[in-house]
Amino acid sequence: MKTLTRLTLLSAVSATLGAPALCAPPLSPSGAQVSGPSTAVASSTGSKVPQDQAQAALDFQNAKRHDVGVPPLQWSADLAAAAQKWADHLAADEHCNLVHTVNDPYGENLFGGSGAPYTALTASQAWYSEIAKYHYGVLNGTNWFPTGHYTQMVWRNTTQVGMGQATCSGGQIVIVAEYNPPGNYLGQKPY
């Protein structure tokens, strides 16, 4: 039996001068099933992300998934609630430091920035920008680090996403995306 290893990316791009900081999926066991997905985001998103911003982020991520031939993600209010809980924690207890959920059963992308009105779409666009560094192939110990946000976003077996956002005391924005099932496994291609 082949053992799969999920990768953790703990990159922290400086958030100075309004530049966003990013963090990608942590190590975790396979994700539990989450109920309630929808291709159209309901008016109650499950988080503080407004419906129109959630829909824009979902549409953007699904367009990028379409570009590589993988099925669209469904919005999950349950995942959005989990993402919101973590975003609130990061804002209140971690001073907006991008720290992953401990033992998170989902794939997790983190985004933080200041000096601009960042949204779920802005975070999705930042994660997608890693495509410039991506060279298609099997993920291994050296090639996953610079592109882990992107590969989680387009991971073929991931079917659901939910996002949350919070504002820190200094005005910084933190955005969390939870993906189910998680991606970024060593020895596999994202699509």
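Tutor: A helix here is a DSSP run of H or I that holds at least four residues, and helices are numbered from the N terminus. The model to which we apply this is a predicted one.

Student: Which residue just after helix 1 takes a positive phi, and of about how many degrees?

Tutor: We look just past the end of helix 1, where the backbone takes a positive phi. The residue with this phi is Gly69, and the angle is about 80°.

Student: How far apart are the end C-alpha atoms of helix 2, and what span should its 17 residues have?

Tutor: The expected span is 1.5 Å times one less than the number of residues. Helix 2 has 17 residues, 77–93, and should therefore span 24 Å. The end C-alpha atoms agree with this, since they too lie apart by 24 Å.

Student: Which residue has a side-chain oxygen that reaches the backbone nitrogen of Asp78 at the start of helix 2, and to within what distance?

Tutor: A polar contact needs a pair of N or O atoms within 3.5 Å. At the start of helix 2, the backbone nitrogen of Asp78 is reached by a side-chain oxygen of Ser76, to within 3.3 Å.

Student: Which strands are included in what covers the buried residues of helix 2?

Tutor: The residues to be covered, each under 20% relative accessible area, include Leu79, Trp86 and Leu90. What covers the buried residues of helix 2 includes strand 3, strand 4, strand 5 and strand 6.

Student: Which residue of helix 2 meets the side chain of Lys48 in a salt bridge?

Tutor: Side chains of opposite charge can pair when their charged atoms come close. The salt bridge of Lys48 has an N to O distance of 3.1 Å, and it links distant parts of the chain, with Lys48 in the loop between strand 2 and helix 1 and its partner 40 residues apart from it. Lys48 counts as exposed because its relative accessibility is 52%, whereas the partner is partly exposed at 27%. That partner in helix 2 is Asp88.

Student: How many of the seven residues of strand 4 are buried?

Tutor: In a regular strand the side chains alternate between the two faces of the sheet. Gly107, Asn109, Phe111 and Gly113 point one way from strand 4, while Glu108, Leu110 and Gly112 point the other way, and all are buried. Strand 4 is therefore largely enclosed by the rest of the structure, its buried residues numbering seven of the seven.

Student: Which residue in strand 6 stands opposite Phe111?

Tutor: Strand 4 and strand 6 run antiparallel and are joined by seven bridges. Within strand 6, the residue that stands opposite Phe111 is Ile175.

Conventions. Residues are numbered from 1 along each chain as its sequence is written. This is a predicted model: local features need pLDDT of at least 70, side-chain atom pairs count only at pLDDT 80 or more; totals for chains, interfaces and linings use all residues. Side-chain values use heavy atoms; hydrogens and water are left out. Helices (H or I, at least four residues) and strands (E, at least two) are DSSP runs, numbered from the N terminus. Buried means under 20% relative accessible area, exposed over 50%, partly exposed in between (1.4 Å probe, protein chains only). Contact means heavy atoms within 4.5 Å. A polar contact is a pair of N or O atoms within 3.5 Å; within protein, one must be able to donate a hydrogen and the other to accept it, and residues adjacent in sequence count only if both atoms are side-chain atoms. Two strands pair if DSSP finds at least two bridges between them. A salt bridge is a side-chain nitrogen of Lys or Arg within 4 Å of a carboxyl oxygen of Asp or Glu.
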